[in-house]
Amino acid sequence: MTAIESQAVRKIIRRFMPILVLCFIFSFLDRVNVGFAALTMSKDLGFSGAVFGLGAGLFFIGYFVFEVPSNMAIERIGARLWIFRIMITWGLFSTLTAFVWNDWSFYIIRFLLGAAEAGFFPGIAFFFTLWLPNRHRSKVNAIFLASMPFAAVIGGPLSGYLLTLDGMFGLHGWQILFIVEGLPTFALAFYLLAILRDTPKSAEWLQKEEIDWLEGELRKENTRAKAIVPHGFLNILKSPITALLSIVYFGIVGLNFGLSFFVPQIVHDFKLGYMQTGFVSAIPFLVAGIGMILWGIHSDRKNERRLHALLPLILGVIGLGGATLATLPVLKLILLSVAALGVFSTIPIFWAVLPGLFGSASVAVSFAVINSIGNLSGFTAPFLVGWLKDVTGSVNAGLQVVTVLGLIAAIILAFVLRHQRNVSAAQQAAAV
């Protein structure tokens with residue numbers, strides 16, 4: 001790595017990562033804190049497991065409907081203004097969740113929250129492609145996406161504490177939870193507006209030689225890249241690769257939110273109080289946050305994506321499946337930690353693989369399509385687990401179905417990455 005490269009990459013990471021990580025922490029917290037709120041909210045509002053699961057999952061229907069339009073808008077309007085808009089609207093609907101009064105108001109506000117947040121994560125992933133060469137993206141994706149498990153590490157104890165404030169200001173504890181965790185998004189939105197820049201050319205804090213190197217490197221990388229999927233929205237939609245990767249991400253998201261929504265309920269069944277549940281629930285996500293950063297760094301150093309995506313996904317399947325069979329609380333917690341480590345470590349590598357499959361010209365739309373379809377699992381998994389909990393009295397049956405989805409995802413991902421390797425080898429041979 002040259003001195004200019006090292007200096008430019010370091011400046012970009014220092015400039016953008018702190019605010020983006022903080023924003024994503026609140027993004028993830030505002031979508032999954034409903035899992036903690038359910039510990040008292042469901043009783044106060046008379047929600048069954050199926051009602052809660054449907055409401056929790058409707059977030060992802062709104063997300064699905066508006067994801068592709070949102071990411072198409074980010075290309076036209078620019079990341080800075082569009083992400084600011086996303087954050088203002090999601091902060092509004094997250095805070096308003098405190099004032100739902102029945103099942104239908106819960107369903108509507110969760111759908112609107114998903115619609116508001118649509119485009120945030122794939123928009124940031126697209127933003128990174130405009131600022132960093134691919135060889136730096138697994139590490140950066142891992143640092144950014146570590147916000148998810150670290151949101152659970154922070155949010156678990158915080159949410160547990162906020163639930164104990166029941167009665168303060170005449171509000172239920174779950175209402176205080178939504179208000180306290182929703183309002184900071186507004187301040188973060190305005191700070192992000194001041195920090196972000198849409199392209200390296202507009203970065204007044206980079207030196208001219210750093211801008212020249214960065215633009216030249218990204219231009220060369222885009223020229224060298226040989227996309228497997230042809231450019232164009234319709235080509236992306238009808239490509240079998242898009243369909244297969246959407247199924248893969250469906251399985252990954254199912255594992256992710258099977259953990260994120262239901263770990264608090266699993267841990268609470270250990271006969272712990274709300275505060276204890278918060279701290280113990282944070283353990284699997286702390287393990288995952290540290291592990292995914294180290295795994296992303298290792299992937300960049302080895303410049304290897306295939307095994308770095310597959311191995312942790314298989315680990316996640318084994319961990320979650322094993323946790324549904326374990327009876328001892330300590331063993332169950334260890335297996336949940338293994339599952340979280342595997343699932344979260346897969347995600348940043350998965351997103352680092354996509355630009356090589358779709359090419360720079362199609363990457364924003366491909367991110368949005370795959371993310372929106374895959375995130376439908378965020379609707380399916382909570383509803384399925386909640387419904388099966390009503391039927392069986394336990395979340396285990398539902399989580400076992402989610403585990404099977406993860407296994408299918410691992411098999412398909414292995415096939416796609418093998419196909420990519422074969423196509424790349426053929427292209428290189430033809431070029432000689």
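Val-34 is buried in this predicted model, because its relative accessible area is 0% and a residue counts as buried when that value is under 20%. The residue lies in helix H2, which covers residues 34-45. Leaving aside residues up to four places away in sequence, Val-34 touches Phe-52, Ala-56, Phe-106, Arg-110, Phe-178 and Phe-261. One of these partners, Ala-56, stands 22 residues from Val-34 in sequence, while the two C-alpha atoms are 6.9 Å apart in space.

A second buried position can be found in helix H1, where Leu-20 has its place. Leu-20 has a relative accessible area of 0%, and therefore it counts as buried. When neighbours within four places in sequence are set aside, Leu-20 is in contact with Ile-124, Phe-127, Phe-128, Phe-144, Leu-192 and Leu-196. For Leu-20 and Leu-192 the separation in sequence is 172 residues, yet from C-alpha to C-alpha they are 7.8 Å apart in space.

Asn-256, which is found in helix H13 (residues 240-268), offers another case to examine. Its relative accessible area is 3%, so Asn-256 is buried. The residues that Asn-256 touches, again without counting those up to four places away in sequence, are Phe-28, Met-148, Val-343, Phe-344 and Ile-347.

From these contacts we can turn to pairs of charged side chains. The count of salt bridges in the model comes to five, and among them is the one in which the side chains of Glu-210 and Lys-11 meet, with 3.1 Å from N to O. This pair links distant parts of the chain, since Glu-210 belongs to helix H11 (residues 208-224) and Lys-11 to helix H1 (residues 3-32), 199 residues apart. The two partners can also be described by their accessibility: Glu-210 counts as buried because its relative accessibility is 0%, whereas Lys-11, at 25%, counts as partly exposed.

Another salt bridge brings together the side chains of Glu-204 and Arg-15, at 3.9 Å from N to O. Here too the pair links distant parts of the chain, with Glu-204 in the loop between helix H10 (184-195) and H11, and Arg-15 in helix H1, 189 residues apart. Glu-204 has a relative accessibility of 54% and so counts as exposed, while Arg-15, at 24%, counts as partly exposed. The side chain of Glu-204 also meets that of Arg-197 in a salt bridge, with 3.1 Å from N to O. Arg-197 counts as buried, because its relative accessibility is 18%. Through salt bridges that share partners, Arg-15, Arg-197 and Glu-204 are joined into one network.

The next stop is the surface, where Ile-154, Leu-158, Tyr-161, Met-275 and Phe-279 make a nonpolar patch of about 450 Å². Two elements give two or more residues to this patch, namely helix H8 (147-163) and helix H14 (274-302). The largest share, three residues, comes from H8. Tyr-161, a member of the patch, is found in helix H8 and counts as partly exposed because its relative accessibility is 42%.

Following the chain beyond H8, the reader comes to Phe-169, which is found in the loop between H8 and helix H9 (173-182). The phi angle of Phe-169 is near 60 degrees, which is a positive value in a residue other than glycine. With a relative accessible area of 73%, Phe-169 is exposed, because exposed residues are those over 50%.

The walk ends with H14, the other helix that gives two or more residues to the nonpolar patch. H14 has 29 residues and reaches 43 Å from its first C-alpha to its last, a span close to the 42 Å expected at 1.5 Å a residue. Along its course H14 bends by about 30 degrees at Ile-283, and a proline, Pro-284, follows within four residues of that position. Just after H14, Asn-303 takes a positive phi of about 50 degrees.

Methods. Residues numbered from 1 in each chain as written. Predicted model: local features only at pLDDT ≥ 70, side-chain atom pairs only at ≥ 80, totals over all residues. Heavy atoms only, no water. Patch = residues over 30% accessible without salt bridge, like charges linked within 9 Å, V, L, I, M, F, W, Y side chains within 5 Å. Areas by Shrake-Rupley, 256 points an atom, 1.4 Å probe, with all protein chains shown as cover. Salt bridge = Lys/Arg side-chain N within 4 Å of Asp/Glu carboxyl O. Buried < 20%, exposed > 50% of the residue type's maximum accessible area, 1.4 Å probe, protein only. Expected span 1.5 Å × (residues − 1). Bend = angle between axes of the 7 residues up to and from the residue. Contact = heavy atoms within 4.5 Å.
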